[in-house]
Structures are given as C-alpha cells and as structure tokens.
Amino acid sequence: MHAAVHGFDTREHCVYDLDGHSSQIAFGALLETIAIAASQFGWQLSITHRQESPESRPVFDLYFEAKPDLAVDPLLSYIERRTVQRRPMSTRALNQDQIRALENAVGPNFSLVWKHGFKNKLATAMLLFRSAKLRLTLPEAFEVHRSVIEWQAQFSADKIPDQALGSDPLTTRVMRFAMHSWERVHFLNRFLAGTWAPRLQLDLLPGLSCAAHFLMVAHQSPKTMDDYIEAGRRMQRLWLTVTQLGLSMQPEITPLVFSRYAKDGRTFSREAFANASARQIRDEMQMLVGAQNCDQAVFMGRIGHGPAATSRSLRRPLDELLLPNASARNV
C-alpha cells in the first residue's frame with residue numbers, strides 16, 4: 001500500500017520558522033506517529049522523501065508492507081494521550097530508570113543534556129524569561145500569537161486554547177484585550193510592564209517548577225531537511241515515552257530558534273534591538289550548555305511529575321487532511 005504526505009512549512013508567516021527547521025521537526029513527528037500507528041495493523045512503514053519536491057512543500061512517499069510477525073509498537077496507546085503541560089509541575093527528581101528510558105528513546109544519534117537541581121533550573125528559567133521578553137516584544141511574533149490562540153476554550157482542533165496557556169484568569173483577560181492590536185501590546189509593554197506577568201507565569205515559575213530541563217543534541221550538526229526530520233521522529237518517541245512514564249512535558253523552543261538565528265546572522269524582525277537580543281540569548285545558552293551542544297541542539301523542554309493538562313489542542317479529523325481527487329504522484 002502506498003500513500004503520500006504533502007507537507008508545507010510556515011516560513012512565510014511565522015517568525016519561529018524562517019528557516020523551516022521547526023516545521024521539519026514537526027514533519028518527522030508526524031511520520032513517526034504514522035509508523036507507530038501502522039504497527040497495530042502489522043504493517044511496516046518505509047518512507048522516501050521526494051528530493052525534487054520544494055523544500056518549503058516537501059512530499060513523502062509512504063510504503064506499507066504487511067509483516068504478520070511485526071510487534072505492536074509499545075508507544076501506540078500514548079499517541080492520543082500526549083499533551084503539553086504549560087503549568088507548574090512537581091519538582092520531584094526523575095529516577096535513574098526514567099532517565100535511562102528517556103535517553104534510550106532518542107536513539108543512538110542523539111543525546112539528552114540534563115539540567116537538574118535548583119541552580120541549573122534557575123539558570124534555565126532565567127534564559128527562558130529573557131527569551132520571552134524578546135518573544136513578547138516582536139511585532140512579527142504578535143501576529144503569530146494572535147493567530148494561534150483560541151479564546152475562551154478548553155479544547156481546540158487546530159489552535160492553542162487559552163485555558164492551556166498556563167496564565168491565571170486575570171492575566172489571560174489582559175492578554176486577550178492586548179491581542180486585539182499591536183498598538184495595545186506595545187502600549188502595555190512600554191508603559192505598564194506588560195511582559196512581566198506572562199513571563200513570570202509562563203516562563204520563570206514553570207521553569208523552576210519541574211523535575212529537570214533537557215536539551216536534545218544531535219551527535220552530528222544537523223544540516224539537511226532529512227536531518228531535522230530524523231530529529232523530529234526521535235523527538236516524538238521521546239515525548240511519547242514521557243507520557244508512557246506518567247510524566248508531563250513542555251517544549252522550550254524559542255531560545256533554540258533565536259540562538260540559531262544569531263548563529264546564522266539571520267535578520268528576523270524590523271525592530272533594531274532584535275538581533276542584539278538574539279545574540280545575548282545565544283551567549284547565555286552557550287554558557288548554560290556549552291557551545292557545541294548549543295550548535296547541535298534540535299529540541300529543548302522541561303519534564304516533571306504531576307497530572308496531565310486538562311486543556312489541550314486536539315487533532316484535526318482525518319477527513320479534513322485528505323486531498324480530494326488527487327493523485328499521490330501529481331499533487
């Protein structure tokens with residue numbers, strides 16, 4: 001059996017994806033999920049990336065081969081249970097069995113760099129706190145945030161419901177008011193310390209309230225789309241293993257993105273301060289995890305014990321994702 005996945009990245013409108021790498025990691029997560037799901041039917045999946053397809057709109061050919069003796073992937077039942085927990089978690093440390101399972105999940109080509117203990121968690125939380133200031137003061141980021149939040153919602157099929165943001169009700173209401181226009185955001189930021197409450201609630205306090213932070217590092221610097229797709233596949237197995245262990249996780253992407261932009265000399269905002277701020281974030285990341293780990297990092301997050309999130313993004317139904325009347329080779 002054959003199917004084709006037609007992807008598209010968000011580099012044209014998302015400040016966090018100007019090089020396409022964030023989307024490429026997401027493609028990898030999707031492909032790994034398909035491979036895991038196929039195992040319940042006794043199908044082994046092989047994937048071919050159509051190299052002639054545009055980088056911003058890649059196509060992947062999926063070939064399913066019947067393997068009657070194929071074991072069901074043990075991560076299968078955790079696909080629909082995987083969530084993002086943006087609220088504070090328990091500070092109880094991970095045990096060695098949990099750490100070993102998570103390190104095994106990323107496979108032989110990646111490693112996890114851990115930041116345990118109060119001092120390391122504080123340093124990481126402060127990195128997130130400063131990165132969030134850049135995130136919340138970029139007009140380009142404002143457009144992204146406004147488009148991805150669904151207000152007054154516990155669940156959303158294709159956005160982030162506001163109840164999953166991690167902010168208290170008052171801060172959420174202020175954020176909703178501010179998101180009406182960039183002028184409101186700019187006024188609050190300039191005259192009313194508008195970034196402080198969300199940075200405290202969404203970055204600093206959660207950064208302290210967890211078991212540990214981690215950095216997923218490739219053993220070889222990722223360069224091609226396929227490198228990032230492979231990273232996404234291993235990241236998905238890591239996240240599903242987190243769920244299997246009864247733990248919660250939150251990605252911490254913006255320091256990696258801004259650090260990468262600084263390394264590549266990429267101008268990503270019309271604001272003059274943005275590039276200098278990104279360089280500061282990169283310097284801080286290098287001090288925290290080392291220059292090589294900083295350069296070869298593909299994913300970052302925090303992990304902790306505690307209940308799963310009660311508000312979450314859902315998956316769009318399959319019938320909305322199918323291309324109507326399309327040839328797998330010609331779309």
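Which residues does glutamine 85 touch, not counting residues up to four places away in sequence? That is where the close-ups of this predicted model begin.

**View 1. Glutamine 85 and its neighbours.** Here we're looking at the loop between strand E3 (59–66) and helix H2 (96–105), where glutamine 85 has its place. Leaving aside residues up to four places away in sequence, glutamine 85 touches Ser248, Met249, Gln250, Arg302, Pro307, Ala308 and Ala309. Its relative accessibility is 9%, so glutamine 85 counts as buried. Closer to home in the chain, the glutamine 85 side chain reaches the backbone nitrogen of arginine 87 at 3.1 Å.

**View 2. Serine 39, just a loop residue by assignment.** Serine 39 sits in the loop between helix H1 (21–38) and strand E2 (43–49). With a relative accessible area of 5%, serine 39 is buried, since the cut-off is under 20%. Its contacts, again without residues up to four places away in sequence, are Leu70, Ala71, Val72 and Asp73. Aspartate 73 turns up a second time: the side chain of serine 39 reaches the aspartate 73 backbone nitrogen at 2.9 Å.

**View 3. Helix H1, end to end.** H1 has 18 residues, and from its first C-alpha to its last it reaches 26 Å. That's close to the 26 Å expected at 1.5 Å a residue. How many of the 18 residues of H1 are buried? The count is 13, so H1 is largely enclosed by the rest of the structure.

**View 4. Arginine 135 in helix H3.** This one zooms in on arginine 135, which belongs to helix H3. Charged or not, arginine 135 counts as buried, because its relative accessibility is 14%. Setting aside residues up to four places away in sequence, arginine 135 touches Tyr16, Ala141, His145, Asp203, Thr254 and Phe258. Also worth picking out is threonine 195: it is 60 residues from arginine 135 in sequence, with 9.6 Å between the two C-alphas.

**View 5. Helix H9 and the glycine after it.** Two of arginine 135's contacts, Thr254 and Phe258, show up again here among the buried residues of H9. Helix H9 (residues 254–264) is mostly covered, with eight of its eleven residues buried. Those eight are Thr254, Pro255, Leu256, Val257, Phe258, Ser259, Arg260 and Tyr261. After H9 comes glycine 265, and its phi is positive, near 65 degrees.

**View 6. The second largest pocket.** This pocket has a volume of about 370 Å³. Of the 18 residues lining it, Lys133, Leu134, Thr137, Phe273 and Ser277 are the closest to its centre. Four helices each supply at least two residues of the lining: H3 (117–136), H6 (182–191), H7 (196–208) and H10 (273–289). H10 gives the largest share, with five residues. Sorted by class, the lining has five nonpolar, seven polar and six charged residues.

**View 7. The largest cavity.** Rolling a probe the size of a water molecule over the atoms shows where empty space is left. In this model the count comes to one cavity of 30 Å³ or more. The volume of the largest cavity is about 40 Å³. Its lining is made up of Val113, Lys115, Thr124, His213, Phe214, Leu215, Leu288, Val289 and Met300. Strand E4 (110–115), strand E8 (212–218) and H10 each chip in at least two lining residues. Which element supplies the largest share of that lining? It's E8, with three residues. By class, the lining of the largest cavity divides into six nonpolar, two polar and one charged.

**View 8. Two positive phi angles outside glycine.** Most residues other than glycine have a negative phi. Glutamine 152 is not a glycine, yet its phi is positive, about 55 degrees. You'll find glutamine 152 in the loop between strand E5 (149–150) and strand E6 (155–156). Is glutamine 152 buried or exposed? Its relative accessibility is 60%, so glutamine 152 counts as exposed. Alanine 193 has a positive phi too, about 50 degrees, and isn't a glycine either. The place to look for alanine 193 is the loop between H6 and H7. Alanine 193 counts as partly exposed, because its relative accessibility is 43%.

Key: Residues are numbered from 1 along each chain as its sequence is written. This is a predicted model: local features need pLDDT of at least 70, side-chain atom pairs count only at pLDDT 80 or more; totals for chains, interfaces and linings use all residues. Side-chain values use heavy atoms; hydrogens and water are left out. On a 1 Å grid over the protein atoms alone, a cavity is a set of points where a 1.4 Å probe fits but cannot get out, and a pocket is an open set with protein on both sides within 12 Å along at least five of seven lines; lining residues have an atom within 4 Å of a point. Grid points are joined across faces, edges and corners, and a volume is the space filled by probe spheres set on the points. Buried means under 20% relative accessible area, exposed over 50%, partly exposed in between (1.4 Å probe, protein chains only). A polar contact is a pair of N or O atoms within 3.5 Å; within protein, one must be able to donate a hydrogen and the other to accept it, and residues adjacent in sequence count only if both atoms are side-chain atoms. Contact means heavy atoms within 4.5 Å. The expected span of a helix is 1.5 Å times one less than its number of residues.
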